Amino acid sequence: MQINRVLLTAVGSVLLAMVTIQSGASLAKQLFPIIGPDGTTALRLGFAAAVLWLVFRPWRALPQGRDWRSIIVYGLCLGGMNILFYLAIERIPLGIAVALEFTGPLAVALFSSKRKSDLLWVACAIAGIVLLMPDLSSAQGLDITGALMALGAGACWAGYILFGTRTGKQASGGITVALGMTVAAIVLVPVGAVTQGLALFSWEVLPLGLLVGVLSSALPYSLEMVALRNMPTQAFSVLMSLEPAIAALAGFVILSEYLSALQWGAIALVIIASIGSSFTPKKAVDMGV
């Protein structure tokens with residue numbers, strides 16, 4: 001009974017983490033008309049870094065010498081993932097952007113495997129991506145720039161995983177994310193401040209920026225830490241594979257973003273590929289922040 005209770009807590013933590021991430025993304029999208037994706041990214045990273053420093057106190061175990069190189073690259077990947085994702089969801093529905101972004105961790109998982117059976121999951125992922133890509137002959141089709149931005153965010157997510165694995169050997173997960181988030185904030189907060197000016201610091205915007213930072217980064221990361229301590233990594237990865245569907249639902253409920261049956265089918269193919277890759281024997285990787 002106790003084991004079931006612990007497992008239920010872990011599963012609930014993962015599901016709640018995904019809901020908070022996508023709720024934060026939906027809220028962030030509503031800030032775009034006021035401060036744009038760059039300003040929203042600046043607030044998210046700035047507030048998330050501040051919260052993570054308070055929670056994990058990384059000054060107690062700062063990296064030394066060459067260890068900073070991996071931290072810096074990790075932080076740049078984290079920042080790139082954030083800004084490109086926000087630029088993507090400015091142009092395309094949230095669920096589609098998350099599905100395309102998921103190609104990053106999916107590629108890392110599949111490339112780490114040498115089993116021929118995993119070609120099935122590769123085929124599912126490619127089919128889903130092809131179905132989601134815009135029809136350039138149609139004026140009403142998906143925005144090509146937004147789709148490419150989402151794929152770029154996926155590439156940054158892959159880098160975030162690879163360098164996060166390296167930095168994780170040098171410091172605890174919480175300290176690594178706090179330092180990486182700080183690097184991303186140092187680079188992108190000034191960009192948002194320059195492009196958006198005083199609008200970024202208005203009392204109308206700052207509380208929402210804090211909420212985005214907490215919902216999109218600090219809270220879900222803490223929930224994922226709880227889950228990983230109480231459930232197998234494989235089960236965690238399978239549950240995380242549902243994130244594109246949760247993103248699509250959040251986009252529908254919060255932003256009134258409607259997807260066609262074909263787009264839902266494409267998202268399902270990406271989810272199937274992600275679940276299938278989760279059963280491939282490999283080293284554990286982080287699924288995101």
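Leaving aside its neighbours within four places in sequence, which residues is leucine 94 in contact with? In this predicted model, the list runs to Gln22, Ala25, Ser26, Phe85, Ile89, Ala247, Ala250, Gly251 and Glu257. Several of those names come up again below, so leucine 94 is a handy place to start a tour.

## The overall fold

Let us step back to the whole chain. There are 11 helices and 0 strands, and read along the sequence the pattern is α-α-α-α-α-α-α-α-α-α-α. Of the 289 residues in the chain, 51% are buried. Among contacts with a separation of 6 or more, 86% join residues that stand 24 or more positions apart. The chain exposes about 13,200 Å², and carbon and sulfur atoms supply 70% of that area.

## The nonpolar cores

In soluble globular proteins, nonpolar side chains tend to be buried together. Here the largest nonpolar core has 61 residues, of which Phe85, Leu94, Leu100, Tyr160 and Met181 touch the most other members. Helix 1 gives the most to this core, with 13 residues. A second, separate core has 9 residues, including Ala227, Met231, Phe236 and Met240.

Helix 4 is worth a look too. With 7 of its 9 residues buried, helix 4 is largely enclosed by the rest of the structure. The buried residues in helix 4 are Thr103, Gly104, Pro105, Leu106, Val108, Ala109 and Leu110.

## Aromatic pairs

A pair of aromatic rings is described by the distance of the centres and the angle of the planes. The structure holds 6 aromatic pairs. One of them joins phenylalanine 102 and tryptophan 157 edge-to-face, at 5.3 Å centre to centre and with 90° between the planes. Phenylalanine 102 sits in the loop between helix 3 (94–101) and helix 4 (103–111), while tryptophan 157 belongs to helix 6 (residues 144–168), so the pair ties together parts that are 55 residues apart in sequence. Phenylalanine 102 counts as buried, at 1% relative accessibility, and tryptophan 157 counts as buried as well, at 5%.

Elsewhere, ring pairs link Phe32, Phe85 and Tyr86 into a cluster. Phe85 is thus a name to remember: it is among the core residues that touch the most other members, and it is in contact with leucine 94.

## Salt bridges

Side chains of opposite charge can pair when their charged atoms come close. A search of the whole structure finds 2 salt bridges, set out here.

| Basic residue | Acidic residue | Closest N and O atoms |
|---|---|---|
| Lysine 29 | Glutamate 257 | 2.4 Å |
| Arginine 91 | Glutamate 90 | 3.4 Å |

The pair of lysine 29 and glutamate 257 links distant parts of the chain, 228 residues apart: lysine 29 lies in helix 1, and glutamate 257 in the loop between helix 10 (243–255) and helix 11 (261–278). Are lysine 29 and glutamate 257 buried or exposed? Both lysine 29 and glutamate 257 are buried. Glutamate 257 is also one of the contacts of leucine 94.

The other bridge has a different setting. Arginine 91 is partly exposed, at 36% relative accessibility, and glutamate 90 is partly exposed, with a relative accessible area of 38%.

## Along helix 1

Helix 1 (residues 2–56) also holds threonine 20, which is buried with a relative accessible area of 7%. Not counting residues up to four places away in sequence, threonine 20 touches Leu215, Ser216, Leu219 and Pro220.

Leucine 16 lies in helix 1 too, but counts as partly exposed at 43% relative accessibility. Leucine 16 and glutamate 224 are 208 residues apart in sequence, yet 9.1 Å apart in space, C-alpha to C-alpha.

## Cysteines

How many disulfides does the count come to? The count is 0. The cysteine sulfur closest to that of cysteine 156 is in cysteine 77, and at 5.9 Å it is too far for a bond. Cysteine 156 counts as buried, at 18% relative accessibility. Cysteine 124 is buried as well, with a relative accessible area of 14%.

Conventions
Residues are numbered from 1 along each chain as its sequence is written. This is a predicted model: local features need pLDDT of at least 70, side-chain atom pairs count only at pLDDT 80 or more; totals for chains, interfaces and linings use all residues. Side-chain values use heavy atoms; hydrogens and water are left out. Rings of Phe, Tyr and Trp (its six-membered ring) pair if their centres lie within 6.5 Å; planes under 30 degrees apart count as stacked, over 60 as edge-to-face and the rest as tilted. Helices (H or I, at least four residues) and strands (E, at least two) are DSSP runs, numbered from the N terminus. Buried means under 20% relative accessible area, exposed over 50%, partly exposed in between (1.4 Å probe, protein chains only). A disulfide is a pair of cysteine sulfur atoms within 2.5 Å. Contact means heavy atoms within 4.5 Å. A nonpolar core is a set of buried Ala, Val, Leu, Ile, Met, Phe, Trp, Tyr and Cys residues joined through side-chain atoms within 4.5 Å. Accessible areas come from the Shrake-Rupley method with a 1.4 Å probe; for residues, only the protein chains shown count as cover. A salt bridge is a side-chain nitrogen of Lys or Arg within 4 Å of a carboxyl oxygen of Asp or Glu.
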